[in-house]
Amino acid sequence: MRLAFSTLGVPAMPLPEVLSLAAESGFHGVELRAHPEEPVHPELDGPGRARVVRQFHDAGLDVLAVAGYPKVAAPGDDEPVLTALRDLVHLAHDLRAPYVRVFPGGPEDTADAGQATRAESDATAVRRLSEVAPLAADSGVRILLETHDSHRTGAAVARILREVGHPACGALWDVLHTWRGGEQPEETHRQLAPHLGYVQVKDVASREDLTPLPPGAGVLPLAEVVELLTRAEDAPPEQSDPPGPVPGEAPVGDRVPDWLCWEYEKRWYPDIPELPTLLPRVSHHLLDLLSRSA
């Protein structure tokens with residue numbers, strides 16, 4: 001598995017500095033926070049996009065994903081959400097990024113609501129993702145729904161993706177949120193394995209204190225997650241796995257993702273230590289977990 005980190009940890013840092021940090025710290029790619037505060041976002045023009053591609057190529061690094069903010073399960077009109085999704089797909093295509101990250105963003109109480117509320121929120125997400133999936137497939141991009149907010153467990157995200165039923169739509173496993181949702185890592189992996197794009201890891205002190213910590217300093221079950229992923233890599237395919245890709249469509253998710261991505265929420269916690277000082281420790285810790293699970 002290859003390692004990446006999110007630019008959420010280095011807010012507004014110029015891209016050449018981000019790439020130098022990644023290369024010097026042993027990372028293979030970068031998840032780009034696609035927001036107007038950042039150097040790379042959907043309003044970036046053609047020459048700017050071409051420059052980003054050259055910079056990554058020259059650094060020997062990959063764009064893992066463009067991490068956008070459309071909320072596919074949110075109530076309201078579809079068109080603003082669909083427009084944002086299309087813009088992100090075009091950006092990912094131009095940057096040669098395989099993935100676009102999106103949020104569920106359903107009503108705050110969806111995760112604990114009754115069946116009718118969940119069904120309505122799910123249907124909204126299914127409708128929007130299904131609408132944009134053909135464009136994503138034609139662009140060679142997968143839209144990944146993150147385990148987050150209203151759909152924080154693997155079971156909740158898989159419920160949507162099974163209804164969408166398109167290989168251009170998959171899952172991003174954010175370990176923090178499935179853990180906060182009370183879902184065991186083995187169950188999360190079982191739910192998401194047919195859909196999984198990549199895994200986002202971090203560490204915190206407790207369910208109540210979400211202040212970002214260096215890897216291994218908190219309580220998240222990172223070793224267990226890496227062990228599950230490694231075990232799945234060695235397992236033979238199951239007969240129930242989804243069929244392989246068909247011509248003209250994006251590839252279906254692998255049983256094991258190629259990437260672990262470290263997310264350090266410096267943008268939301270400005271007083272925590274700077275990420276550049278921690279990155280060598282992050283890469284060492286993640287590589288150690290991978291080595292011990294091999």
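Tutor: Before we start, a handy definition: the expected span of a helix is 1.5 Å times one less than its number of residues. Keep in mind that this is a predicted model.

Student: Okay, so what span is expected for H3, going by 1.5 Å a residue?

Tutor: Count the residues of H3 and you get 18. The rule takes one less than that number and multiplies by 1.5 Å. From its first C-alpha to its last, H3 in the model reaches 26 Å, close to the expected value of 26 Å.

Student: Which strands does H3 touch?

Tutor: H3 covers residues 78-95 and packs on the sheet. Its direction makes about 175° with that of S3. The strands it touches are S2, S3, S4 and S5.

Student: How do S2 and S3 pair, and which residue in S3 stands opposite Glu31?

Tutor: S2 spans residues 29-33 and S3 spans 62-71, and they pair in the parallel sense over five bridges. That fits the bigger picture, a closed barrel of eight strands with parallel pairing. From one strand to the next, the twist averages 30°. As for the residue opposite Glu31 in S3, look at Ala65.

Student: Which element gives the most to the largest nonpolar core?

Tutor: That core has 78 residues, and Phe5, Phe56 and Val199 touch the most other members. Buried residues of H3 include Val81, Leu82, Leu85 and Leu88. With eight residues in the core, the top contributor is H3.

Student: How many residues are in the second core?

Tutor: This core is separate, and Ala65 is in it, along with others including Ala4 and Tyr99. Its total is nine residues.

Notes. Residues are numbered from 1 along each chain as its sequence is written. This is a predicted model: local features need pLDDT of at least 70, side-chain atom pairs count only at pLDDT 80 or more; totals for chains, interfaces and linings use all residues. Side-chain values use heavy atoms; hydrogens and water are left out. Two strands pair if DSSP finds at least two bridges between them. Helices (H or I, at least four residues) and strands (E, at least two) are DSSP runs, numbered from the N terminus. Axes are lines fitted to C-alpha atoms, for helices over the stretch in contact, and angles run from 0 to 180 degrees between N-to-C directions. Contact means heavy atoms within 4.5 Å. Buried means under 20% relative accessible area, exposed over 50%, partly exposed in between (1.4 Å probe, protein chains only). A nonpolar core is a set of buried Ala, Val, Leu, Ile, Met, Phe, Trp, Tyr and Cys residues joined through side-chain atoms within 4.5 Å.
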